[in-house]
Amino acid sequence: MTAYTWLVILLLAAAFLLRGDRRNNKKFMIIAFLLLFAVMGLRDVYAFGSDASGAHGSYPIIYRNIGSTEWGELSKNEESNYNIGFAYFAKLIYELTGGDYQIFITVISLFAMVSYVRFIGKYSPSPIQSILFFLGLLYYCFLFDALKQAIAMSILLYAFDAIVEKKPIKFIILTLAASLFHFPALIFIPAYWIGRMKVGRGYIALLVVILAVTYLLRDQILNLMMNAYGKGESTASMEGVRFLRNKVIIMIAVVVFAVFIRPPSAKDTIYNMLLMFAGVAIIFQTFCGYNNIFERLADYYFHTSIILIPMIFERGGKSRSLIDTARNRQILNYVTVLLCAFAIWRFLSTVNNSAIFTPYRFFWQR
């Protein structure tokens, strides 16, 4: 069995052995953190992954280029154009470790896993479900190689706290900090106000209207977004590109299911916020068929769905369901198990059948 398969088995075993006691949640989260960090942060970075070949533009090359640049010249480095925070961070680690790329990846993985496990432990009604959806939605895989965005997304998990705590200054500071590592993280700036909007029963209808308008104006919106991203020198077109495809179907299914099972209410603050974020992500995701830039933008909002999905099935939720959840609790339990099984299948089928993630080995097996 691969390391990924063992990861899932050990996560499920820990969840089973520590079930039924809230005090055991903390123990489970510690175990989950150690397992997730070990597989991500202690992997042999030269054995596999999209950067393992050391091709031009890969992170090992970027890391060495930044490391060989003098501190005073670092702001002129190509990587510093929009990601100055990442450049200075990489330079610092390079200087402290003598250019050890393995440690660089380990440090980033440590920060990312601390951030995600803390976020799940703080907000999720079912940590094991959230971790399985973290795997199944492939965000765990994404963080392996998307280093700048991994740092930015991890920082924004703390910005999420600021929205919940109603601290706009803290939110803006953290979002700006994230943008220093990955400039497109600025797309999260409106999240403070989006998250505070009230979601009513007309949420699905509103989302359908927005999607229809987005479809009709897709060429104009696409060109506008490409200009904002710095790629406006060429005209973009959606001709021949499917409007709704792949991941966006999963996003829409999550939102529809959420509204049906647990309709939003005024008291359901965090749940409302997550639904709004999912709606924003759907709009961005509709453009990903043209360029994966838009999937990256969508991820800044949709990665919080790792706690949204368990909330849909939360016992004692603050909203009234459109179905009798008391009578159909067993059915909902079966649905939850099926979704978790699907998440496990999607994760394992992705990592175990991809040259990017296999053959796995730890750095000491080099």
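Axes here are lines fitted to C-alpha atoms, for helices over the stretch in contact, and angles run from 0 to 180 degrees between N-to-C directions. The model is predicted: local features need pLDDT of at least 70, side-chain atom pairs count only at pLDDT 80 or more, and totals for chains, interfaces and linings use all residues. Residues are numbered from 1 along each chain as its sequence is written, and side-chain values use heavy atoms, with hydrogens and water left out.

**Exercise 1. Take stock of the chain.**

Step 1. Count the helices and strands. Both are DSSP runs numbered from the N terminus (helices H or I, at least four residues; strands E, at least two). The chain has 17 helices and zero strands.

Step 2. Find the buried share. Buried means under 20% relative accessible area, exposed over 50%, and partly exposed in between (1.4 Å probe, protein chains only). Of the 366 residues, 51% count as buried.

Step 3. Check the contact range. Contact means heavy atoms within 4.5 Å. Among contacts between residues at least 6 apart in sequence, 76% join residues at least 24 apart.

**Exercise 2. Describe how α1 packs on α2.**

Step 1. Get the geometry. α1 covers residues 3-17 and α2 covers residues 23-41. They pack at about 175°, with axes 10 Å apart.

Step 2. Classify the angle. Under 35 degrees is roughly parallel, over 145 roughly antiparallel, 65 to 115 roughly perpendicular, and the rest oblique. The two helices, α1 and α2, are therefore roughly antiparallel.

Step 3. List the contact residues. α1 contributes A3, Y4, L7, L10, L11, A14 and A15, while α2 contributes F28, I31, A32, L35, L36 and V39.

Step 4. Sort them by class. Ala, Val, Leu, Ile, Met, Phe, Trp, Tyr, Cys and Pro count as nonpolar, Asp, Glu, Lys and Arg as charged, and the others, Gly among them, as polar. The contact of α1 with α2 has 13 nonpolar, no polar and no charged residues.

**Exercise 3. Characterise the second largest cavity.**

Step 1. Define the object. On a 1 Å grid over the protein atoms alone, a cavity is a set of points where a 1.4 Å probe fits but cannot get out; lining residues have an atom within 4 Å of a point. Grid points are joined across faces, edges and corners, and a volume is the space filled by probe spheres set on the points.

Step 2. Search. The whole structure holds two cavities of 30 Å³ or more. The second largest has a volume of about 40 Å³.

Step 3. Name the lining. It consists of M40, R43, I105, I108, S109, A112, L143, F144, L147 and A150. By class, that is eight nonpolar, one polar and one charged.

Step 4. Assign the helices. α5 (101-123), α7 (139-145) and α8 (147-164) each supply at least two lining residues. The largest share, four residues, comes from α5.

**Exercise 4. Place I187 and D299.**

Step 1. Locate I187. It lies in the loop between α9 (168-181) and α10 (191-194). I187 is partly exposed, at 26%.

Step 2. Trace its partners. Beyond four places in sequence, I187 contacts F284, L297, Y300 and Y301. The C-alpha atoms of I187 and L297 are separated by 6.9 Å, though 110 residues apart along the chain.

Step 3. Turn to D299. It lies in α15 (residues 293-302) and counts as buried at 3% relative accessibility. Leaving out residues up to four places away, D299 touches Y139, F142, Q149, M153 and K247.

Definitions and conventions:
On a 1 Å grid over the protein atoms alone, a cavity is a set of points where a 1.4 Å probe fits but cannot get out, and a pocket is an open set with protein on both sides within 12 Å along at least five of seven lines; lining residues have an atom within 4 Å of a point.
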